[in-house]
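Reader: I'm new to protein structures and would like some help with reading one. Could we go through it together?

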Amino acid sequence: MRRLSKILAFGMAACMAATAFVGCGGSTSSNGSSDSGSSSGKGSVYWLNFKPELDEVAQDLAKMYTEETGVPVKVTTAASGTYSQTLTSEMEKSDAPTLYVIGNAAGVKQWKDYALDLKDTKIANELNTDAYNLYDDSGKLVSIGYCYESYGIIVNPDLVEQAGHKMEDIKNFDTLKTVVEDIHNRADELGFDAFTSCDMDDASSWRFTGHMANLEYYYEEQASGKTWTEAPAELTGDYMPNFKNLYDLCINNSLTDPKDLATGGHAPTKEFCDKKAAFHVQGSWEWGNADTPISKSVPNAVMIPYYCGVEGEEKAGLNCGTENCWAVNSKTSEDNQQATLDFMYWCVTNKEASQKLVDSLGVLPYKNVPASTNPFLKNAEDYTSKGNYVMDWATNYQPNVDEYRKALVSALNAYNSDQSDANWDQVKTAFVDGWATQYQAANG
Amino acid sequence: MFKKKSGSTLRRPLRKWGLLFLGPITAAFAIGFIWPFIQGIYLSFCKFTLISDANFNGFNNYMAAFSDESFVHAFWYTALFAIVSLVLINVLAFAVAYILTQGIKGSNLFRTVFFMPNLIGGIVLGYIWSMIFDGILSHFGTSIVLNSTFGFWGLIILMCWQQIGYMMIIYIAGLNAVPEDMIEAAKIDGATKWQTLWKVTIPNVMPSITICTFLSLTNGFKLFDQNLALTGGLPIIMQKGASPIKTTEMLALNIYNTFYGSNTAARGTAQAKAVIFFVLVAGLGLAQLAYTRRKEVQQ
């Protein structure tokens with residue numbers, strides 16, 4: 001009897017111990033599965049994807065690659081706006097991402113110690129341009145661009161013509177203003193408005209605080225006479241009036257009253273797809289966006305530059321650049337690094353895989369990939385071939401980007417609800433002084 | 001004789017195997033709480049991107065934390081919020097509990113309904129209430145993220161709505177445990193209802209008051225998700241040459257934003273802030289427990 005109770009006691013204690021550690025069980029088994037990949041000498045790939053829009057394609061590629069080569073590929077996509085958090089916590093794990101994104105100068109500063117030098121790798125030799133690569137101060141190739149994008153104002157030409165205007169008429173800010181204000185004034189009669197809602201919630205505010213802000217940075221960069229290679233400590237704010245021109249035009253001629261923009265929720269891209277508005281401030285990725293693809297609803301949409309009243313802007317092109325740059329984890333095993341480099345190479349050389357990426361991402365800057373089907377990127381190329389200037393993504397240099405943009409959103413909210421000069425001064429403070437403050441905070 | 005024997009047969013294995021049974025929970029507590037806690041304190045003296053390779057940095061993080069105006073602002077804002085919400089939640093929860101123990105019809109239904117908001121997650125609640133508030137405020141051309149006073153009271157309303165039901169359940173349990181004979185004796189002695197409430201009921205529910213004030217005080221200080229979803233710290237006051245102040249940002253959100261929103265050099269600062277935060281919440285909580293415990297009466 002006593003022996004039995006002893007056995008029972010042992011059994012119970014073992015059960016309790018097992019249940020207590022059940023939480024850790026999951027990670028052990030996931031380690032196990034990745035280890036089984038490396039033990040075969042092939043290594044494994046763990047891709048931490050940065051763009052939610054790419055998730056489906058990335059999962060497909062992973063499956064295809066595993067079927068073809070037997071190398072396990074795991075893809076995790078960070079939810080919108082949480083990449084930094086996800087990367088930090090994933091990098092702590094024993095099966096950390098082998099392939100991840102370092103998309104801008106601040107990212108390089110933060111993660112360079114965890115990035116393999118990609119110089120002279122097979123994938124780097126496949127690139128057809130060095131324009132989207134990121135280097136650290138020692139000259140190490142930290143990350144390489146895997147696609148580039150463009151943003152500007154997406155237009156539905158049918159609606160513009162329906163309102164009695166021609167696309168060719170829109171050549172600069174004044175002509176854009178004429179068309180936009182006319183459409184807005186006749187919105188009831190036409191059944192559609194000029195701009196989609198300029199929501200200021202987290203899902204939409206970056207279109208203004210990140211993208212449209214670029215026009216100010218870009219023209220300031222041009223005026224300074226030298227290309228930015230790192231964030232300047234201060235801005236002059238000389239082109240704020242131009243930012244204001246375009247921003248005012250958008251918020252005052254849109255589907256939603258500027259006073260109602262603070263908490264958002266109007267789904268601007270859907271408004272554009274539903275043909276409720278003719279103009280939409282967005283980027284090339286919206287063409288093949290999984291939920292509301294512009295390709296399906298407005299197949300002849302075009303993208304025009306941010307016209308904002310700058311002299312000579314008739315020669316403006318689209319804002320082209322990328323934050324999509326692959327980096328390989330330098331702290332993972334050599335097998336995993338090799339497997340990852342092979343996977344990247346396969347993505348841009350395999351016919352089917354690269355086609356999938358091109359369809360989803362637009363243009364891949366690699367030698368042997370299919371031509372883009374994305375008309376917005378075609379627009380960008382057309383502008384360039386006509387001799388117009390490309391507006392680079394100076395916005396990538398925003399210091400402490402999240403904090404900087406949050407302050408700008410706050411000031412824009414106040415301005416939207418009351419478009420007074422005092423409130424615009426607050427926007428200017430957040431835009432210009434906020435830059436200096438965050439630069440100090442980031443660089444000490 | 002029999003008693004003694006049964007006692008010893010029970011006690012001996014307990015003494016022998018007790019440690020083994022305590023083992024799993026002790027190990028889980030050590031892994032899940034003690035170790036991360038020690039590591040957290042260590043990290044507050046380090047500079048790091050990933051916690052697995054941190055470099056010792058002395059007291060710099062603490063100096064940075066104390067000289068950060070936004071942290072100081074968040075502290076006072078949180079303190080004010082915690083006090084206001086503590087008073088409102090407890091007064092209202094006690095009032096509701098008192099009414100629902102007076103034997104009115106359908107009190108079980110009311111208890112369920114009042115308790116239900118507590119089952120909804122903070123982030124969801126924050127977004128729902130931001131829509132409700134903005135639905136009203138947009139008629140006046142403003143928004144909850146435009147005015148810090150609205151942000152403050154909005155958060156108070158939200159927290160009251162969520163927490164009153166929970167505290168009410170604790171108060172109801174306390175009220176039901178007040179001995180009937182004491183109430184009856186007070187009645188016979190000619191005490192008014194008001195006197196009975198103050199002199200008999202409240203001293204007898206002091207244990208419930210202790211636990212409820214403790215919970216609402218620490219909840220108030222630790223509040224994070226509702227704060228993030230309702231206002232996210234907006235509106236922001238820009239200052240020339242100093243860090244911008246998020247007027248409705250509470251301590252926990254400030255720590256989170258320092259950790260993720262800024263450059264990696266600030267991660268150690270965020271960790272230092274978190275340690276200061278812990279000392280503060282633990283100290284306040286214990287002080288409050290000690291104070292209210294003294295008011296409890298023996299039945």
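Reader: Which residues of H11(A) are buried?

Author: Happy to help, and keep in mind that this is a predicted model. To call a residue buried, we ask whether 20 or more other C-beta atoms lie within 10 Å of its own. In H11(A), the buried residues are Asn242(A), Phe243(A), Asn245(A), Leu246(A), Tyr247(A), Leu249(A), Cys250(A) and Ile251(A).

Reader: What do the buried residues of H11(A) pack against?

Author: Their partners in chain A are helices H8 (173-185), H10 (206-224) and H17, together with strands S7 (193-195) and S8 (277-283).

Reader: How many residues does helix H11 of chain A have, and how far does it reach?

Author: Helix H11 covers residues 240-252 of chain A, which is 13 residues. From first C-alpha to last it reaches 18 Å, close to the 18 Å expected at 1.5 Å a residue.

Reader: Now a single residue, please. Is Tyr389(A) buried or partly exposed?

Author: Here we count neighbours again. Tyr389(A) counts as partly exposed because it has 15 C-beta neighbours inside 10 Å. You will find Tyr389(A) in strand S12 of chain A, residues 389-392.

Reader: Which residues is Tyr389(A) in contact with, leaving aside its neighbours within four places in sequence?

Author: Those contacts are Lys315(A), Ala316(A) and Gly317(A). Leu318(A) makes a nice comparison of sequence and space: Tyr389(A) and Leu318(A) are 71 residues apart in sequence, yet their C-alpha atoms are 8.1 Å apart.

Reader: What domains does the assignment give for chain A?

Author: A domain may be written as two stretches of sequence, as you can see here. Domain 1 is 39-148 + 323-367, and domain 2 is 150-321 + 376-443. Between the centres of these two domains of chain A, taken over C-alpha atoms, there are 30 Å. Their contact takes twelve residues from domain 1 and 15 residues from domain 2. On the domain 1 side, helix H5 (105-111) and helix H15 (351-361) each give two or more residues.

Reader: How is chain B divided?

Author: Chain B has domain 1 (2-43) and domain 2 (62-294), with 35 Å between their centres over C-alpha atoms.

Reader: Last one! How many residues of chain A are in contact with chain B?

Author: The contact joins 33 residues of chain A to 36 residues of chain B. Helices H1 (2-20), H4 (83-92), H17 (401-417) and H18 (421-443) of chain A each supply at least two residues to that side of chain A. Sorted by class, this side of chain A has twelve nonpolar, 14 polar and seven charged residues.

Technical notes. Residues are numbered from 1 along each chain as its sequence is written. Chains are lettered from A and ligands numbered from 1 in the order in which they are written. This is a predicted model: local features need pLDDT of at least 70, side-chain atom pairs count only at pLDDT 80 or more; totals for chains, interfaces and linings use all residues. Two residues are in contact if their C-beta atoms, placed from the backbone, lie within 7 Å. Helices (H or I, at least four residues) and strands (E, at least two) are DSSP runs, numbered from the N terminus. Ala, Val, Leu, Ile, Met, Phe, Trp, Tyr, Cys and Pro count as nonpolar, Asp, Glu, Lys and Arg as charged, and the others, Gly among them, as polar. A residue is buried if 20 or more other C-beta atoms lie within 10 Å of its own, exposed if 12 or fewer, and partly exposed in between; C-beta atoms are placed from the backbone. Domain bounds come from an automatic or database domain assignment. The expected span of a helix is 1.5 Å times one less than its number of residues.
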